[in-house]
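Trainee: I'd like to learn how to read a model like this one, feature by feature. Could we go through it together?

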Amino acid sequence: MRPPPPRAVRPGSRPARAAALAALAAAARAVALAAVPRAVALAAMALPSPAAANGVFPSADQLVFDPADPARAVARMTYGLLATRDGGASWRWICEGAVGYDDTAGQSPPIAAAASGRVLAALADGIAVGAEGGCAWARAAELEGREVIDLSVRQGDPSHVVAVAAGTRHGLWASRDGGASWTSAGTPLPAGFVARTVDVAPSDPRRVYVSGLSSEGGSVKGVLARSADGGETWQTAAVPGSTTSREPYIAGVDPLDADVLYVRIASAPGRLFVSTDGGAAFAPVFTTEGFVRAFAISPDGATVAVGSDVDGVFRAPSSTLAFERVSSVAPRCFAWTDSGLYACASEFLDGFTIGRSLDGGATFEPLLQQGCIRGPLECAASTAVGAVCPTDWPRIALITGHRDCTPDAGSPAAGSGASASATGATGAAGATGATGAGAAATSGGGQASAAGAGGAPDGPGGGAPPSGGARPSEAGCGCRTGGAEEGRAGAVATACLAAAAAARRRSRRAGVIA
């Protein structure tokens, strides 16, 4: 399920601070280039405009787990995908070209992990289907040339996938074999309806929800379309306070009750709504100064977590929805499985790109710092990844500040604000966490839902204090670096590259050669 679009920068907000980093980095460019090898500095000066993660800070904003192998996960980055096959101990890169899109055109495809190890990506001209562990990519023939807006794998049944595609009227498509083949499902969505997100209820495969905008009646408003018969018939209801600048996005559907779903508004201030009657009516349950960027439901439906890019991480019992702040981490995505709550975060602000919490979001153990990416996914030269990605890796290595990371002898060290080692640690749901750095498990043998459902934490009063702004140490990525000065130089260099690339893109749009 697709996250909200990139957020606007508000004065004084965490994203504003990130933008300020880019501006300051431009002024400090000479210092940063002096702190890195001359060859790297020269390469930075000569980078083409798509560099530096297409003009934005390299980051992750979606994470999905293989429903059959909990050690395998895929993260969507601003420069392609990252895959782990060992529970997060190591990560490898899948380039955009192998999948079949180019983020310089503004594409940020929703992804999903389905049956038989397939990874699916919703593109502007179809669905890309990744097989062989993400090495081989092909297009779903039935949707070739169609804009696929969003897709979602049913939690607990990874063979069942739904997608919504554009056309004269937007419509629902379904796969019962994990994305290998597709059929048009039911009737088109109501006239004038423009879809944004889609989800299928874990407890009822015929219950489908689609959020979007409707121009019915002459005015554009945010609505939720709902079907109780697999898309044969549709009903719509307005989502309060939503419109073209405040679009509604499905946050998640309760894993046990198909009538309970959550919808977030893609704007700042951000709002979260809940419906307990199958989408007929909505009630506000959470408001934040920034965007609601992340949301997750525990596998048993007992707890929900919300992440704001300004206010941090909040959680609440689903029975009361009385939210309390448990962390200052500003998550960009959540995925909650039986082994913990996983979050995408800003490495510049929070010290990690992907982390795992064993205490319901109060503290996070870093699983990915981007300098530790091992390189392109190891694939045969005959596959899409093996043929395309290695030649572009030097650019990504420069963007991410790649270094020679060696795994620590034991579990990753937990820095200030990071949780204890995962080895033998007891998860928030009471289950013992998997041994090793970042070992992941899925709920009931299936993947976490598109909303990020997963293992339940202790109750809101679980005793874990908010992190209070403390940040994990660099050692938390499970790798050794060349020292603190090298780490700082790499961070500043990356910021400089992002700022320089953004400036080049603006100049070219203005007709100036940079």
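Mentor: Sure, let's begin with a pair of charged residues: Glu-365 and Arg-356 are both buried. Keep in mind that this is a predicted model.

Trainee: What do Glu-365 and Arg-356 form with each other, and how far apart are the closest N and O atoms?

Mentor: The general idea first: side chains of opposite charge can pair when their charged atoms come close. Here Glu-365 and Arg-356 form a salt bridge, with 3.4 Å between the closest N and O atoms. For a salt bridge, the cut-off is a side-chain nitrogen of Lys or Arg within 4 Å of a carboxyl oxygen of Asp or Glu, so the pair qualifies.

Trainee: How many salt bridges does the structure hold?

Mentor: It holds 9. One of them joins Asp-259 and Arg-207, whose side chains meet at 2.8 Å, N to O. Asp-259 sits in the loop between β17 (247–253) and β18 (261–266), and Arg-207 in the loop between β13 (193–200) and β14 (208–214), so this salt bridge ties together parts 52 residues apart in sequence.

Trainee: Are Asp-259 and Arg-207 buried or partly exposed?

Mentor: One of each. Asp-259 has 29% relative accessibility and counts as partly exposed, while Arg-207 is buried, with a relative accessible area of 15%. The cut-off to remember is that buried means under 20% and exposed over 50%, with partly exposed in between.

Trainee: Which residue forms a salt bridge with Asp-125?

Mentor: That's Arg-139, with the closest N and O atoms 2.9 Å apart. The pair links distant parts of the chain, 14 residues apart: Asp-125 is in the loop between β6 (119–123) and β7 (126–131), and Arg-139 is in strand β8 (residues 136–139). Using those accessibility classes again, Asp-125 is partly exposed at 33%, and Arg-139 is partly exposed too, at 27%.

Trainee: Let's turn to strands. In what order do the strands of the open sheet with β9 in it run?

Mentor: The order is β9-β10-β11-β12, 4 strands with antiparallel pairing. β9 (148–153) and β12 (183–185) are at the edges and have a single partner strand each, so one side of each has no neighbour in the sheet. From one strand to the next, the twist averages 30°.

Trainee: How many bridges pair β10 with β11?

Mentor: There are 5, between β10 (residues 161–165) and β11 (residues 171–175), in the antiparallel sense. To get the register, find Ala-165, which stands opposite Gly-171 in β11. When you look at side chains there, recall the general rule: in a regular strand they alternate between the two faces of the sheet.

Trainee: And how do I read a hairpin? What lies between β23 and β24?

Mentor: Look at the pairing, then at the turn. β23 (residues 312–317) and β24 (residues 324–327) run antiparallel and are joined by 3 bridges. Val-313 stands opposite Ser-327 in β24. The hairpin has 6 residues between its two strands, and Leu-321 in the turn has a positive phi of about 55°.

Trainee: Now some single residues. Which residue does the side chain of Thr-363 contact?

Mentor: Its partner is Asp-359: the two side chains make a polar contact at 2.6 Å. Thr-363 belongs to the loop between β27 (354–357) and β28 (365–368), and at 16% relative accessibility Thr-363 counts as buried.

Trainee: What does the side chain of Thr-400 reach?

Mentor: The backbone oxygen of Ile-396, at 2.9 Å. Thr-400 is in helix α7 (residues 384–400), and its 8% relative accessibility makes it buried.

Trainee: Where is Ala-113?

Mentor: Ala-113 is in strand β5 (residues 111–113), and is buried with a relative accessible area of 4%. Pro-67 is 46 residues away along the chain, yet the C-alpha atoms of Ala-113 and Pro-67 are separated by 7.0 Å.

Trainee: Can we zoom out? How many helices and strands are there in the protein?

Mentor: There are 8 helices and 28 strands. Of the 514 residues, 58% count as buried. The protein exposes about 18,100 Å², with carbon and sulfur atoms supplying 55% of that area. As for contacts between residues at least 6 apart in sequence, 55% join residues at least 24 apart.

Note on methods
Residues are numbered from 1 along each chain as its sequence is written. This is a predicted model: local features need pLDDT of at least 70, side-chain atom pairs count only at pLDDT 80 or more; totals for chains, interfaces and linings use all residues. Side-chain values use heavy atoms; hydrogens and water are left out. Two strands pair if DSSP finds at least two bridges between them. Buried means under 20% relative accessible area, exposed over 50%, partly exposed in between (1.4 Å probe, protein chains only). Contact means heavy atoms within 4.5 Å. Accessible areas come from the Shrake-Rupley method with a 1.4 Å probe; for residues, only the protein chains shown count as cover. Axes are lines fitted to C-alpha atoms, for helices over the stretch in contact, and angles run from 0 to 180 degrees between N-to-C directions. A polar contact is a pair of N or O atoms within 3.5 Å; within protein, one must be able to donate a hydrogen and the other to accept it, and residues adjacent in sequence count only if both atoms are side-chain atoms.
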